[in-house]
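User: I'm new to reading models like this one. Can we go through the terms and check each against its cut-off?

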Amino acid sequence: MTTLEAPAEHAGDAAADHDDHDHGHHSSLGLSNMKLAMWLFLGSECLLFGALISSYLLSKARFITEVVAGNPTVINSLLADGMPQEIVDEFIAEASVEPFWDIPFTSASSFILLMSSLTMVLAHKAVHEGDYRNSRIWLAATALLGSTFIAGQVYEFTAFYREGLTYDGSLFGSAFYTLTGFHGVHVTGGIIMLLSLLVLSFRGKLRQDRAETVELVGLYWHFVDIVWVLIFTIVYLIP
Amino acid sequence: MAIVEEPLALPSGQPDKAEKPLGALSRPSELTGLKDWLTTVDHKKIGIMYGAAAMFFLVIGGVAALLIRLQLATPDNTLLSGDAYNRVYTMHGTVMVFLVVMPIGAAFANFLMPLQVGARDVAFPRINAFSFWIFFLGGLMLNTSWFIGGGADGGWFNYAPNNGIAFSPSTGIDFWNIGLLIVGIGSLTGSINLITTVLNMRAPGMTLMKMPVFTWMTLVTQFLLLFAIPVLTVAQVLLAADRLFDANFFNVDMGADPLLWQHLFWIFGHPEVYLMILPAFGIVSEVIPTFARKPIFGYPFMVFSGIAIGFMGWGVWAHHMFVSGIGPLSVTAFSVATMFIAVPTGVKILNWMATLWGGRLILNTAMLFSIGLVTQFTIGGLSGVSHALAPSDTQQTDTYYIVAHFHYVLFGGALFGFMAGFYFWWPKAFGYKLSEAWGKWNFWLMVIGFNLTFGPMHILGLQGMPRRMQTYSEAQGFGFWNLVATWGAFILAVGTVLVLVNALVSYLAWKREGKPDVGADPWDGRTIEWSIKSPAPGHNFDVDPVVSSLDDFWHRKYQPDESGKLRRVHTGEELAQPGDPTGVHLPAPSYWPIVLAASMPIIGYGLIFSLWLMIPGILLMTLALWGWALEPADDLDADHGDHHDDDHGPDTDSSGAEAELETVS
C-alpha cells in the first residue's frame, strides 16, 4: 500500500473555502476555520449569558423576598442611596421590581437594536455583491444604531442611578447593572468591530472576496441582538 | 490541494522582508534561542512550553503539598500557623488543578493532536501562542500572591461568603480571582482553537471514527472547557464585583444567597474534573494497544463512553453539595446521575483490560504507568461511587476520605496517565528515549509513595478526620496514619522528580553517544504521528498523509497474507516520511501573542491595587491588538506561490468566501 504520495483531489474541497487568516489547509467540514471558531465562541457565550441571567433572576427574587419581608438592612440601604419611599412601597405592594422600569423607552431602544440586525444583513449582502458604496452606508448605519442603543443604556443607567438604584446599594442593583452592563460591553465590542470594518472598507481592503469577515462580525452582532431579546423579556417584561 | 509547492517559510528558512508596521516588534526576522521560543507559533514548541511551565508550577504545588504533610505529620504541630496553612492548601489545590494538570493536558493536546490528525499546525497558530502565554503569565501573577498579596486562603473552590472581604480581607483572594480569570481566557481561546483543528483540519480520509482515541478525548475535553470556563468566569466576575466594587452578589446581609457561588463553581467544577482526566484516558488508550500489540478493544465504545462522560459531566455538579441543604429531590436526582456516570467510566476500564487480555505485553515504563492508571483510577472511581450514595456522602463530606478519593483519580489517574504519555512520546518530541532503568524507579517509587500517601487517608477520613484542619490532638488518634502519609508524600515527591532526573540523565547519555537517530517509529506505533521523523520536524508532514483506516500507520506496516494471518510488510522506518520541508509553507512567528498576553496581568494588578495601573495595561493591550491585526498571520513575502491554481478560479458562488491574503496585500 503506497499511500504516501501527494494526496489526490479530495472530495468536498472544491466547495470548501479558505479562511483568510490562515495557511490554506483543506477543511474537513467544508466550513472555514474562522466561521467554525466564531460559532464555537458564540456557543461559549451562551453559557456566559446563561449564568449571568440565572444569577440575575436569583438575586432579584432574593431582593424582592427581603424587601417584602421588611428586612431593615436592605430597605435602609435603598433609602440611604436616595430611593424615594414611594418606590420602595410599590416594590412591597407589588412584590416586583416592575415599578422601576420605563417600558416604552426600553422598547424603543430594543427596537433600534433589532433594526441594526437588518442593516447588518444588508451590509453583508452589499459587500458580497461588491457594492462597496452601499456596504459602507449599511456598516455605518449598523454602528450608528448600535451606538444609539448604547446611548439609551447610558441614559437609562443614569436615570436609574438618580432614582436611587446604585450598584452597591442593593442586590438587585448589582445584578441588574452587571447583566445589562455585560451586554452593553458586548454591543460596544461589536461597534468597534463594525468601525474597523468601515476603516478597512475606506482603505479599499474590504473587498468582495472578504465578505466572510463581514459575515463573521454579523454572526456576532446577531447573537448580541438575540441575547438582548432574552434579557429584555426576562428583565423588563416578565413581572 | 492545499499545502503544496511553495517556497519554504520555515522559522529556520531564509530571512523574510516583512514590513515593519510598529518598529521594534515587527515580525521577528532572526530566530535563535530565547527569541525563537518567545515568538514561536509552532504547536509542538508551544506544547513543550506548556509542559515545561506545568513542571515549574508542579514544583510550587508540590512544595505546598509537602508543607501540608509536614504540618500534619504529628499531633499539635506548630510548623505552620492556621493562616499559613489555609494559604498553603488553597494554593496547592489551585496550582495543581489550574496550573499543572490542565496545562499538561493542554501540552499533550497541542503537541500531539495536530500530528495525530495529520495537520501542519493548529487552526490559529498565533492564538495558540497567545493561549500559552496568557496561561503562563496569568499563573505567574496568581503566584505572586505568595509575596505581595498575602496568599489566597479560601480553598481552591473558594466558597462564598468566606471569600468575601469580611472573612478574607487580604488581597490573596483577589489574586486567585483575577489570576484565574486571566488563565481562563487562555483556556477559552485554546479550546476554540483545538476544536476547530480537530473538526476542520483532519487529513484526507480521516473521518471522525478513524481518529485516534487521544484526539477524540482532546475534542471532548476542549468542548467541556469551551462550555465550563464561561460559567467559572461569571462566578469570578461576580466575586470580583463584590470584592472590588462593593456589589452584593454574595453579601448575606443584603439578602444574597451564597449557594449561588457553589452552584456556579461546581457547574464549572465537575466538568472540570472530567476535562482533567479525559486527556489521560486518551493517552493510555494509545499506549496500551501499542504495548499489548493489539488494537484497542471496542473503539466505538471507547469513543462514545468519552462523549457520554462529556455530556453526563454536566448533570452531576450538585453531588458536591449534598450537605448544603439543596433538598431531598435534588439530592436524589444528582445521586442517581452520579451513579450513572460511573457506567461509561467503567466501560473504559473494561475496554483497557480487554485490550490487555491475551496481548503480548511489553512492560516498559509507559505501559507500567498506563496499568498504574487503570488500577489506581479504579480505586478512586470506586470510592467516587460511594460518594454518589447521599447518606454515605453525608458522612464523608469534608473528611480525608474525599481527599483520598480525588487524589486517586487526579494523581493516580491523570498524572499517571501523563507520565505514561511522557515516556511514550518523549522520543517524538525530543529525539531520544527516556531511560527504562530510571523509569522503573520512577514508576515504582511513585506507586509506592502514592499509595502510602493517599491510601491511609481513606482510613483517616472514615475515622472522622476533617479536611483543611491545621492540626489535630493526640487523643484523636490520627497520628499514626498521618505519619505514614507524610513519609509516603516524600517518597512520592522523590519518585515524581525522577522523571525530570531521567530526562536529564537520558539526554546526557544520548549526547555522549553522539545523538543517534532514535528513528521515526521506536515503539512500532499505530497512529500517524509515528510516520514522521523523531523529533518531529517543524513542518510535521512532508506531504499530507492520507488515512484509510483506524490505526492507519499500523495497517500500512502489517497486512494479512493469503491465510489471513497478519504479517509485517514494511517497517516503520521504510514508511516514514524523510522530513524534507521543500514546498511546505508555515505560519510565521510573531511577537504579538506574548505582548497581548503580558498586558492582561498588568490590567489585573490594576484592578487589585490601583485602577491607574490599568491605563498602561490597556494601552499595551490596544497596541498589541493593533499590531496583531496589522501583521498578517502568514509571511506575505513567502506567500506569493501559485498554490491555488488547481481549483480556485474567481469564486463567486454562494459561499463567496474565497479569501486569500494575496488579494488584499
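**Terms and cut-offs**

Analyst: Sure, let's start with a helix pair: helix H6 (residues 172-200) of chain B packs with helix H7 (residues 213-245) of chain B at an angle of about 150°, and their axes are 8 Å apart. Axes are lines fitted to C-alpha atoms, for helices over the stretch in contact, and angles run from 0 to 180 degrees between N-to-C directions. Helices here are DSSP runs (H or I, at least four residues), strands are E runs of at least two, and both are numbered from the N terminus. Before we go on: this is a predicted model, where local features need pLDDT of at least 70, side-chain atom pairs count only at pLDDT 80 or more, and totals for chains, interfaces and linings use all residues. Residues are numbered from 1 along each chain as its sequence is written, while chains are lettered from A and ligands numbered from 1 in the order in which they are written.

User: What makes H6(B) and H7(B) roughly parallel or roughly antiparallel to each other?

Analyst: Angles under 35 degrees count as roughly parallel, over 145 as roughly antiparallel, 65 to 115 as roughly perpendicular and the rest as oblique. The angle here is about 150°, so H6(B) and H7(B) are roughly antiparallel. Their crossing is left-handed, a label used if the near helix is turned anticlockwise from the far one by less than a right angle (right-handed if clockwise). The residues of this contact are 18 nonpolar, 9 polar and 2 charged. For that split, Ala, Val, Leu, Ile, Met, Phe, Trp, Tyr, Cys and Pro are nonpolar, Asp, Glu, Lys and Arg are charged, and the others, Gly among them, are polar.

User: Why is Thr171(B) called buried?

Analyst: Buried takes 20 or more other C-beta atoms within 10 Å of the residue's own, exposed 12 or fewer, and partly exposed is in between, with C-beta atoms placed from the backbone. Thr171(B) has 20 within 10 Å, so it counts as buried. You'll find Thr171(B) in the loop between helix H5 (145-148) and H6 of chain B.

User: How do you know what Thr171(B) is in contact with?

Analyst: Two residues are in contact if their C-beta atoms, placed from the backbone, lie within 7 Å. Leaving aside neighbours within four places in sequence, Thr171(B) has contacts with Gly149(B), Gly150(B) and Ile608(B). Ile608(B) sits in helix H18 (residues 592-608) of chain B, and besides Thr171(B) its contacts include Asp174(B), Phe175(B) and Ile178(B).

User: What makes Ile608(B) and Ala123(A) buried or exposed?

Analyst: Same test: Ile608(B) has 21 other C-beta atoms within 10 Å, so it is buried. Ala123(A) has 32 within 10 Å, so that one is buried as well. Ala123(A) belongs to helix H4 (residues 103-128) of chain A, and its contacts include Trp138(A) and Val214(A). In chain A, 44% of the 239 residues count as buried.

User: How do you know which parts of chain B have low confidence?

Analyst: Look at pLDDT, the predictor's confidence in each residue, from 0 to 100. Chain B has a mean pLDDT of 89, and 91% of its residues reach 70 or more. Residues 1-20 of chain B, though, stay under 50, and residues 638-665 of chain B are below 50 too. Where pLDDT is low, the predicted coordinates should not be read in detail.

User: And what are the scores for chain A?

Analyst: Chain A averages a pLDDT of 88, with 89% of residues scoring at least 70. Over residues 1-25 of chain A, the pLDDT is below 50.
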